[in-house]
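Q: Hi! I've just opened this one and would love a tour. Could you walk me through it?

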Amino acid sequence: MPDAAVHVASGKVRELYALDDERLLLVASDRISTFDVILPTEIRDKGRVLTGLSAFWFARTGHIVPNHLLALREDGRSTECRRLEMLPVEVVVRGYLSGSGWKDYRETGAVSGHALPAGLVESDRLPEPIVTPATKASSGHDENIDAATAAALVGAERWAEVESVALALYAFAAAYAEARGIILADTKFELGLDGAGTLVLGDEALTPDSSRFWPAKGYQPGGPQPSYDKQFVRDFCESLDWDKSYPGPEVPADVAAGTRARYVEAFELLTGLAFEDYVADPQVVLR
């Protein structure tokens, strides 16, 4: 870490440093969280997968929306980024009925205010992708909100822009992933504003931490799907008598190894690169 870097914050996964008035350094650790609780067991190389995949997508989605990436560092887990004023909402785009969306639908027939057809089953493809915002929580669980609440937080015109950008990002990434045998069931974006008030994509993008990736082969609605993301750890945690509050449970070695394998497989399938090639030269994801 350069002497000039000043630690300013710790997230669930990342450490944040200030480089100067214009730049931040994001360092992705190997920590993993489920249900917004950081678990005591780390997943080896997870931070590199998140950093490399995010950079890969940033390099390919600039035609849709600018992003905060300035440079990718040699350790493969650190990125130099533009400072942004982050919006106070997270933006989840759902193309399939899963997770909290499925729970919401079972209870209300809708997801975050989006009325859906009757008779859908878990993991069904939705008639069209929907945007479901959530409030950010520095600790504890994020709260799903509807579009009207999001618009009240950021302004109606800005929220319309956010929805349009999020849907365009999802459409691009879903098509890209589908061509490589992966279903992008849903994904979360975080956006902010630069000094000129331009909307900019920040944080991470389209990683196993922020998305549900399913293998297209064998996809069968009607229940949970195998996944390339941290659902493997979530499922383990769900099997325990744990109230989803701190402290989280230790993850057994086989579950940790299986999780790493899923993260690395997602990286390799989506990028078309060997993960070891990325570790040797992180710049390969930007080419």
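Q: Let's start on the outside. Which residues form the negative surface patch?
A: Happy to help, and please keep in mind that this is a predicted model. The negative patch is made up of Glu265, Glu268, Glu276 and Asp277.

Q: And which helices supply those patch residues?
A: Helices α6 (253-271) and α7 (275-280) do, and each gives at least two residues to the patch.

Q: Take Glu276, then. Where does it lie, and is it buried or exposed?
A: Glu276 belongs to helix α7. Its relative accessibility is 51%, so it counts as exposed.

Q: Let's switch to charged pairs. How many salt bridges does a search of the whole structure find?
A: The search finds 18 salt bridges.

Q: What's the partner of Asp45 in a salt bridge?
A: That's Arg260, and the two side chains meet at 2.6 Å, N to O. This pair links distant parts of the chain, 215 residues apart. Asp45 sits in the loop between β5 (37-38) and α1 (46-60), while Arg260 is in helix α6.

Q: Are those two buried or exposed?
A: Asp45 and Arg260 are both buried.

Q: What about Lys46, what does that residue form a salt bridge with?
A: Lys46 pairs with Asp209, and their closest N and O atoms are 2.8 Å apart. Lys46 lies in helix α1 and Asp209 in the loop between β15 (199-202) and β16 (211-215), so this salt bridge ties together parts of the chain that are 163 residues apart in sequence.

Q: Why do Asp209 and Lys46 count as buried or exposed?
A: Asp209 counts as buried because its relative accessibility is 11%. Lys46 is buried too, with a relative accessible area of 0%. The cut-off for buried is under 20%.

Q: Which residue does Asp186 form a salt bridge with?
A: Arg212 is the partner, with 2.9 Å between the closest N and O atoms. Asp186 is in strand β14 (residues 182-193) and Arg212 in strand β16, so the pair ties together parts that are 26 residues apart in sequence. Asp186 and Arg212 are both buried.

Q: Which residues are linked in a network of salt bridges?
A: Asp20, Arg23, Arg73 and Glu80 are linked in a network like that.

Q: I'd like to see where Glu80 fits among the strands. Which residue stands opposite Glu80?
A: Ala71 stands opposite Glu80, which is in β7. Strand β6 (residues 69-72) and strand β7 (residues 78-82) pair in the antiparallel sense, over 3 bridges.

Q: How many residues are between those two strands in the hairpin?
A: There are 5 residues between β6 and β7, and in this hairpin Gly76 takes a positive phi near 75°.

Q: On to another bit of sheet. Which strand does β9 pair with, and in what sense?
A: Strand β9 (residues 89-96) pairs with strand β12 (residues 125-135) in the antiparallel sense, over 7 bridges. If you want a spot to look at, Val89 stands opposite Thr135 of β12.

Q: What about β12 and β13, how many bridges there?
A: Strand β13 (residues 143-144) and β12 pair over 2 bridges, again in the antiparallel sense. Ala134 has Asn144 of β13 as its bridge partner.

Q: New topic: backbone oddities. What is the usual sign of phi, and what are most peptide bonds?
A: Most residues other than glycine have a negative phi, and most peptide bonds are trans.

Q: So which peptide bond is cis here?
A: The bond from Tyr246 to Pro247 is cis, with omega near 0°. You'll find Pro247 in the loop between α5 (231-238) and α6.

Q: What about phi at Ser123?
A: Ser123 is not a glycine, yet it has a positive phi of about 75°. It is in the loop between β11 (114-115) and β12, and it counts as buried because its relative accessibility is 0%.

Q: And what is phi at Leu206?
A: Leu206, also not a glycine, has a positive phi of about 55°. Leu206 is in the loop between β15 and β16. At 1% relative accessibility, this residue counts as buried.

Q: Last one: how far apart are Ala177 and Ala216?
A: They are 39 residues apart in sequence and 9.5 Å apart in space, C-alpha to C-alpha. Ala177 is part of helix α4 (residues 156-178), and at 0% relative accessibility Ala177 counts as buried.

Notes. Residues are numbered from 1 along each chain as its sequence is written. This is a predicted model: local features need pLDDT of at least 70, side-chain atom pairs count only at pLDDT 80 or more; totals for chains, interfaces and linings use all residues. Side-chain values use heavy atoms; hydrogens and water are left out. Two strands pair if DSSP finds at least two bridges between them. Helices (H or I, at least four residues) and strands (E, at least two) are DSSP runs, numbered from the N terminus. Patches are made of residues with over 30% relative accessible area and no salt bridge: like charges are joined within 9 Å, nonpolar side chains (Val, Leu, Ile, Met, Phe, Trp, Tyr) within 5 Å. Accessible areas come from the Shrake-Rupley method with a 1.4 Å probe; for residues, only the protein chains shown count as cover. A salt bridge is a side-chain nitrogen of Lys or Arg within 4 Å of a carboxyl oxygen of Asp or Glu. Lys and Arg count as positive and Asp and Glu as negative; His and the chain ends are not counted. The place of a charge is taken as NZ of Lys, CZ of Arg, CG of Asp or CD of Glu. Buried means under 20% relative accessible area, exposed over 50%, partly exposed in between (1.4 Å probe, protein chains only).
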